[in-house]
Amino acid sequence: MTLGFVLLVHTAFDRAEQVARYFAANDCPVIIHVDGKVKPRTFKDFRDRFQGEPLVRFSRRTRVEWGTWSLVRATQFAAERLLDNFPDVRHVFLASGSCLPLRPVAQLKDYLATHPETDFIESVTTHQVTWTVDGLETERFTLRFPFSWRKNRRAFDTYVRLQRRFGLRRRIPDGISPHLGSQWWCLTRRTLESILNAPDRPAVDSYFSKVWIPDESYFQSLSRRYSADIESHSLTLSKFDVQGKPHVFYDDHQPLLERSDCFVARKIWPHAERLYSTFLDDERPIKRHADPNPGKIDRVFSKANERRGRGRPGLYSQARFPAPGFENGLSCARYNVFSGFEQVFHQFEPWLARRLGGRVHGHLYHPDQVEFAGGETVMNGCLSDSPALRDYRPEQFLTNLLWSTRGERQSFFYGPGDTPQIGSFLARDPNATLAIISGAWVVPLHTSNMDFDEIKAEAARLQRAEIMFLRTLRATGVAARVHLWTLAEFVEQPIEKLQNILDEITGPGPRRLTDLPQMRDISGLPDFLLQLRNGGIKPQVVGDFGSMPTRINRAAQERSQNVR
Amino acid sequence: MDRLPYFVQHHRALGIDHFLIVDNDSDDGTAKWLADQPDVSTWTTPHGYKASRFGVDWLTVLLARYGHGHWCLTLDADELFVYAHHDRRNLRALTDWLDVTGRPTMGAMMLDMYPRGALGSGASDPEKDPIAGIPYFDAGNYVMIRQPKLQNLWVQGGPRARAFFRADPRRAPTLSKVPLVRWNRRYAYVSSTHSLLPRYLNHVYGRHGGEAPTGILLHTKFLPTILSKSVEEMSRRQHFENSNLYDEYYDALASGPVLWTEASTRYHGWQQLEGLGLLSRGGWD
């Protein structure tokens with residue numbers, strides 16, 4: 001009879017009874033505190049179930065409110081009774097009605113017998129605490145909290161703000177070093193008695209009764225004052241979600257709970273039949289004798305917390321529709337956008353597909369059709385090639401495409417002739433690599449057979465659209481990687497520029513570019529540009545072709561050298 | 001009647017205690033079958049679906065009278081509710097957890113299921129899982145906005161948008177729903193179960209980057225009986241606000257199109273849907 005339990009119960013009485021009986025059957029006395037809010041009738045029925053069970057007794061009751069002193073008060077009542085009624089008890093284990101022992105109590109007793117003077121209580125200084133949800137760490141101890149956080153959040157927050165503004169602070173009593181930690185502990189009789197019989201206990205209690213969430217700090221701070229040997233972790237496995245609510249364990253967690261090697265876990269869903277029948281059966285074959293290692297299951301739960309808190313970047317769904325600024329990544333994967341290249345080179349698209357791998361689409365935002373790679377009419381995820389569907393939500397068309405093709409590099413072409421709505425999204429998205437040759441649209445135009453008036457109109461239209469897009473790229477908040485040349489700049493050293501882009505996309509490779517696609521003949525461009533200018537369309541985005549002829553020659557030479 | 005037996009069986013297995021069913025003037029033995037079920041209460045009405053604001057008036061009365069204080073799952077007969085862990089944790093586990101985390105509602109997206117071949121081909125057995133005959137769905141073509149007035153998410157897309165509304169996507173059917181609510185008599189569904197009042201109940205999606213717990217309604221509209229159904233619906237003109245606009249839709253449906261494409265996905269369970277981002281456990285691990 002060396003280990004005793006304090007059980008705090010407010011609901012699921014059947015399960016609490018089961019667990020209390022299990023402890024008692026293993027020669028461990030149990031003092032149950034039933035929440036004062038529970039109806040007297042229910043309490044009486046519950047208490048009567050333990051008639052003829054001398055090891056299970058009940059403590060004085062108090063009404064317990066979450067996050068308040070009442071929880072400590074209840075623990076004190078029960079712990080005092082336990083120490084008083086059962087003088088043989090050397091360790092006191094604080095548990096709740098939704099706790100479940102994961103290993104036979106005999107193992108826990110053996111473990112404690114090898115640590116007779118050790119207090120198992122998570123107890124961390126306020127500077128090291130990282131888990132608080134409300135952001136109140138040191139201030140838990142220096143401000144006053146008369147209002148309920150759950151029921152009267154506004155008053156709670158206002159009063160905290162007021163105290164901060166006027167610098168109102170409480171004095172921490174002498175000899176108290178504020179520590180925080182899990183509410184569930186296992187203390188030695190010596191430490192617990194020292195806390196409960198301290199000469200200054202009235203002053204300490206009155207101080208802690210106005211601290212925020214004292215059940216996470218009262219015993220945690222005071223055991224630092226009295227304990228000879230603290231192991232600063234709890235023997236109770238409990239996990240919290242991003243809101244600070246405890247994770248609940250269900251039947252399907254059984255293998256995970258076994259792997260943790262912890263002695264006790266909370267909270268257990270009251271209807272988890274299999275967990276209760278398995279873990280309360282001491283006849284089951286016991287294979288494991290390792291020390292508790294809650295870290296083994298941390299990974300699983302931190303992944304769930306990550307999903308809950310930050311979500312999967314680039315996912316837009318019924319579960320996740322972040323407000324602007326909260327996306328945590330506009331899209332799910334890197335992608336590449338080429339503008340103008342297909343007009344400067346013959347057969348650039350197939351060449352790029354060979355070089356880059358993944359999928360190289362045509363103009364996804366062409367006004368008349370969605371040019372999926374390979375002329376597909378539906379893409380992964382059944383993304384349709386209907387331009388109307390695409391233009392209905394142009395950004396989600398792209399995020400859907402990227403989401404459904406995760407793991408495969410996506411590239412597409414985009415130019416001033418395409419629907420412009422997607423432009424600002426591309427500029428804002430850090431996943432986008434934009435390679436743009438501005439003014440490249442003059443290349444097909446200058447060999448066009450159209451009437452010159454039509455050519456002028458088309459040139460004016462494309463130039464206006466391109467200027468708008470380039471303006472977007474100069475706005476604040478551009479996060480895409482942008483490589484921008486005018487046509488004149490690009491044709492000066494096309495290979496180097498192309499090489500740099502491809503290196504950036506695929507990572508630097510040993511191979512120099514050798515099989516360059518063939519460049520279109522642009523020898524007539526200077527004349528054409530002059531014609532445009534004289535026709536009233538001032539070319540603004542193609543760059544300076546003033547000394548065109550020599551440069552073109554150089555580019556052509558360079559090309560022919562590399563092709564060989 | 002071609003769906004009810006499995007509908008009831010599926011949701012019974014999820015832990016539904018009691019079914020409240022509105023029978024809109026059926027003549028195929030539905031009433032008799034329902035009367036034989038121990039956990040079903042039935043209300044019968046001869047009045048038009050449209051006149052009751054597409055059933056919302058019926059729901060409102062039943063929910064106000066019988067739903068107060070209960071978790072209520074409001075579904076059409078052609079919807080099967082699935083959620084993360086539904087194969088090992090029942091609805092009671094789910095709603096207990098929603099209570100703990102302080103959520104009064106949970107959202108779900110309708111997922112249109114369709115066959116490999118033309119609509120209307122094949123046969124289905126009302127007692128068997130209908131998904132076996134229509135196991136395909138669109139995995140990644142859903143689009144959405146947040147509607148400012150009711151602050152609900154408006155999701156569209158899927159095979160119907162792609163096949164029947166590719167020229168006018170705005171009119172494509174709404175897929176977002178809020179089917180699971182801890183009901184209070186002060187609440188009301190506004191249009192079908194797509195949105196509710198008061199509007200904070202529509203906040204079933206993560207707004208700050210995280211994922212909220214979300215289910216999927218497997219939509220079995222495209223069982224083989226769809227062809228005769230759509231002819232009937234077209235003649236009754238009960239399903240849309242502005243029925244004339246949807247003539248083309250019914251014509252297209254009645255012609256038995258193939259919704260399946262090379263890019264369609266075959267259904268394998270909730271883990272797959274979670275991987276695809278269509279449902280989320282939302283921290284319920």
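**Exercise 1. The largest cavity**

Find which elements of chain A and of chain B each supply at least two residues of the lining of the largest cavity.

*Solution.* Step 1: in chain A, look at β16 (383-384), α15 (387-392) and α16 (394-404). In chain B, the elements to find are β8 (153-157) and α5 (158-164). Helices (H or I, at least four residues) and strands (E, at least two) are DSSP runs numbered from the N terminus.

Before going on, note that this is a predicted model, where local features need pLDDT of at least 70, side-chain atom pairs count only at pLDDT 80 or more, and totals for chains, interfaces and linings use all residues. Residues are numbered from 1 along each chain as its sequence is written, chains are lettered from A and ligands numbered from 1 in the order in which they are written, and side-chain values use heavy atoms, without hydrogens or water.

Step 2: the volume of the largest cavity is about 170 Å³. Its lining consists of 19 residues, and the closest to the centre are L383(A), L389(A), R390(A), N141(B) and V143(B). A cavity is a set of points on a 1 Å grid where a 1.4 Å probe fits but cannot get out, and lining residues have an atom within 4 Å of a point.

Step 3: sorted by class, this lining has 9 nonpolar, 7 polar and 3 charged residues. Asp, Glu, Lys and Arg count as charged, Ala, Val, Leu, Ile, Met, Phe, Trp, Tyr, Cys and Pro as nonpolar, and the others as polar.

**Exercise 2. The second largest cavity**

Work out which residues lie nearest the centre of the second largest cavity and how its lining divides by class.

*Solution.* Step 1: a search of the whole structure gives 7 cavities of 30 Å³ or more, and the second largest has a volume of about 140 Å³.

Step 2: 16 residues line the second largest cavity, and nearest its centre lie L315(A), Y316(A), S317(A), N400(A) and L278(B). Two or more lining residues come from α16 of chain A and also from β7 (142-146) of chain B. α16(A) gives the largest share, 3 residues.

Step 3: the classes here are 9 nonpolar, 7 polar and no charged residues.

**Exercise 3. A sheet in chain A**

Trace the strand order of the open sheet of 5 strands in chain A, and then see how helices lie on it.

*Solution.* Step 1: the order reads β14-β17-β13-β18-β19, with parallel pairing. β14 (359-363) and β19 (481-486) of chain A each have a single partner strand, so these edge strands have one side without a neighbour in the sheet. From one strand to the next, the twist averages 15°.

Step 2: zoom in on one pair. β13 (residues 335-339) and β17 (residues 410-413) of chain A are joined in the parallel sense by 4 bridges; strands pair if DSSP finds at least two bridges between them. The bridge partner of F338(A) in β17(A) is F413(A).

Step 3: add the helices. α16(A), which you met at both cavities, lies across β13, β14 and β17 of chain A at about 145° to β17(A). Helix α19 (residues 452-474) of chain A touches β18 (432-438) and β19, making about 140° with β18(A). Angles run from 0 to 180 degrees between N-to-C directions of lines fitted to C-alpha atoms, for helices over the stretch in contact.

**Exercise 4. A sheet in chain B**

Describe the pairing in the open sheet of 5 strands in chain B.

*Solution.* Step 1: the order is β3-β9-β5-β12-β4, and the pairing is mixed. β3 (71-73) and β4 (79-82) of chain B stand at the edges with a single partner strand each, so one side of each lacks a neighbour in the sheet. The twist here averages 30° from one strand to the next.

Step 2: β5 (residues 105-112) of chain B runs parallel to β12(B), joined by 6 bridges. Opposite G107(B) in β12(B) stands T214(B).

Step 3: helix α1 (residues 4-13) of chain B lies across β3 and β4, at about 15° to β4(B).

**Exercise 5. A hairpin and its cis bond**

Locate the hairpin of β10(B) and β11(B) and the residue in it with a positive phi.

*Solution.* Step 1: β10 (residues 188-191) and β11 (residues 195-197) of chain B pair in the antiparallel sense over 3 bridges, with A188(B) partnered by L197(B).

Step 2: 3 residues stand between the strands, and S192(B) takes a positive phi near 45°.

Step 3: the peptide bond from L197(B) to P198(B) is cis, with omega near -5°. P198(B) sits in the loop between β11 and β12 (214-219) of chain B.

**Exercise 6. Where the chains meet**

State how many residues of each chain are in contact and how much area is buried.

*Solution.* Step 1: 60 residues of chain B are in contact with 47 residues of chain A, where contact means heavy atoms within 4.5 Å.

Step 2: the two chains bury about 4,400 Å² between them, 53% of it on carbon and sulfur atoms. Buried area is the accessible area (1.4 Å probe) lost on being put together, summed over both parts.

Step 3: on the chain B side, M144(B), E211(B) and D285(B) lose the most area to chain A, together 16% of what that side buries.

How values were computed: On a 1 Å grid over the protein atoms alone, a cavity is a set of points where a 1.4 Å probe fits but cannot get out, and a pocket is an open set with protein on both sides within 12 Å along at least five of seven lines; lining residues have an atom within 4 Å of a point. Grid points are joined across faces, edges and corners, and a volume is the space filled by probe spheres set on the points.
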